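Grab a pencil and have a go at the exercises below. Try each task on your own before you read its solution.

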Amino acid sequence: MSEAAAGADRADLRTRLTRVLFGQSFLSGVVRSFLTLAAGEWIARLIGVAIQIWLARELTPGPYGVITFGLALVGWFGLVVDSGTEQRIALSIAAGIVLAVVTYEFSNSADAREVLPRFALVLPALAINLRWMVLGIGKARAVAYGNIASRIVFLAAIVLLVTEPSNDVRVPIIEALSEATYAVVIIVLAAKAYGYVRPRIDLAAWRATLTEGFPLLVYGACRATILTADVVLIALILGHGQVGLYGAALKPVNFFLGALGLFSVALLSGYSAAPDSETSSLFRRSVLLGSVSMTGVAIALAAGAPLVTFVFGSNYKGAAAPLAVLAWTLPLAGLSVPYGSVLVARNRQDLLMHNNIIGAAFNVVACLLAVEFIGITGAAAVRVATYGIMLFLNHNACVKRGLAPSLSAVFAGRLPRVAPGRGRA
C-alpha cells in the first residue's frame, strides 16, 4: 500500500507541475508551437556547436576573432531584412555594399580587409529567407528543415575547406551558401501549398511598410547594437585575438538565447490569440518557465566555465571568466521576454522602442569604458547590466499601464483579474 501511495503521490506531483508550467489551453499551444520550432533549432544549434568548435580549433583565436567580428556586423546590418517584404532584397543589397566598403576601408589588418567585405554576400541570402513569414501559415516544419539543412551544408563545407588559419577567407562564402540553402528549402516547401513568392517593386507600399514598422525597425537596430557593440568595440580596441576569446565565451550563451528567442515568437502568437480570461495565467507560467529554466542553465554554465579550454582548446583559457559572467544574461532574458512580448501584443511598440534606445545607449557608453579599462570580462559585465536595465524598463512599462502583473505578483501567485489588454494606454 505504501509503494502504491508513493507512486500515486509522484504521479499527482507530475500532474500538478505540468498544470502549473503548461496549463490546459493557450500556454499548451504556445509550448507546442515553441517545441515545433525548437526541435529544428536545437538540432541546428547542436550542429552549430560542432561548427564553432571546428572553426575555433582550426583558425586559432586571431582569425576566429575576425570571423566573430564579421558575423557581428552581419547581425547589425542584417536588421534590414526585418523591415518588410519585397523591399528586404533591395535594402539588403544596399546594406551589403555599405558593409563591404566600410570593412575594406577601415579594417586594421590585411586578413580582416580580405575576409570582412565578403560577409556582404550573406545579407541578400538572409533577405530571401521567409522563415518568420511562413510561421503565420503553419509551416513551422519548413523552418525546421531549412535550418537543419543550412547547418549541415555549413559543417560539411568547413570540414572540407577550412583546415588552417588562412582558410578564414572561405568562411563568409560558406556562410552565404548556408543561408541561401535555408531560404531555398523554405521557399520550396511552402510553395507546395501556396505557390512561389514573386517579389514586386511597389515603392508606395515599401514606404508605407517602413513607416508603419518604424518603431520595430528602431527596436531591431537597438537590439542588434546591444548584441554586437561589445564585439565591435573589443575588435577596435583590443584586437581580433581578444574577439576570438570573447566569441568563444558567447557561443554557449547564444545557444540558449536562441531558444528564448523562439519561445518569444511562440508566446507572442499565443498571447495575442488568447482570450482575456487566460492572458494573466499564460503570462505567469511563461515567466516561471523562462526564469527557472534559464537560472538552472546559468548556474551550470558559470560552474563549468573552466571547461571552455576542453571544448575550444588551450588557446581559449581567457574565455572562462567572461563566460562565467555572460551566463547570467540568461535568467534576466528569461524574465524579460514575456514583458517585451506583451508590449508588442498590445501594440505598444513605441514603448519597446524607447526602452531599447535607452538600453543601447547605456550599452555602447558603458562597454567602451569597460573594454578600455577592464577588458573582455568587463564587456561581459556590461552586457549583463544591459539585460538588467531592459528587464527593469519593460517591466515598469507593462506594470504601470496595467498591461501585465509585476514580478512580485507573478512569483506570489497574486494575479489581477483585470485583463492585461484593458490597461491604460
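Here come four short exercises, each with a worked solution.

A word on the ground rules: this is a predicted model, where local features need pLDDT of at least 70, side-chain atom pairs count only at pLDDT 80 or more, and totals for chains, interfaces and linings use all residues. Residues are numbered from 1 along each chain as its sequence is written, and side-chain values use heavy atoms, leaving out hydrogens and water.

**Exercise 1. Get the overall picture**

Task: find how many helices and strands the chain has, and what share of its residues is buried.

Solution. Start with the helices and strands, which are DSSP runs numbered from the N terminus (H or I of at least four residues for a helix, E of at least two for a strand). The chain has 19 helices and zero strands. Next, look at cover: of the 425 residues, 50% are buried (under 20% relative accessible area with a 1.4 Å probe and protein chains only; exposed is over 50%, partly exposed in between).

**Exercise 2. Check a helix**

Task: work out what span helix H16 should have, and compare it with the distance between its end C-alpha atoms.

Solution. The expected span is 1.5 Å times one less than the number of residues. H16 runs over residues 329–345, so its 17 residues should span 24 Å, and the end C-alpha atoms are indeed 24 Å apart. Now follow the axis: H16 bends by about 30° at Ser336, with Pro338 following within four residues (the bend is the angle between axes fitted to the seven residues ending there and the seven starting there). As for cover, 16 of the 17 residues in H16 are buried. Just past the helix, Asn347 has a positive phi of about 60°.

**Exercise 3. Find a neighbour of the bend**

Task: say whether Asn394 is buried or exposed, and which residues it contacts.

Solution. First, place Asn394: it sits in helix H18, residues 376–400. Its relative accessible area is 4%, so Asn394 is buried. Then list its contacts (heavy atoms within 4.5 Å): beyond its neighbours within four places in sequence, they include Ser336, Tyr339, Gly340 and Leu343.

**Exercise 4. Trace a salt bridge**

Task: which residue forms a salt bridge with Arg383, and where does each partner lie?

Solution. A salt bridge needs a side-chain nitrogen of Lys or Arg within 4 Å of a carboxyl oxygen of Asp or Glu. Arg383 pairs with Asp230, their closest N and O atoms being 2.8 Å apart. Arg383 lies in H18 and Asp230 in H11 (residues 214–237), so the pair ties together parts 153 residues apart in sequence. Both Arg383 and Asp230 are buried.
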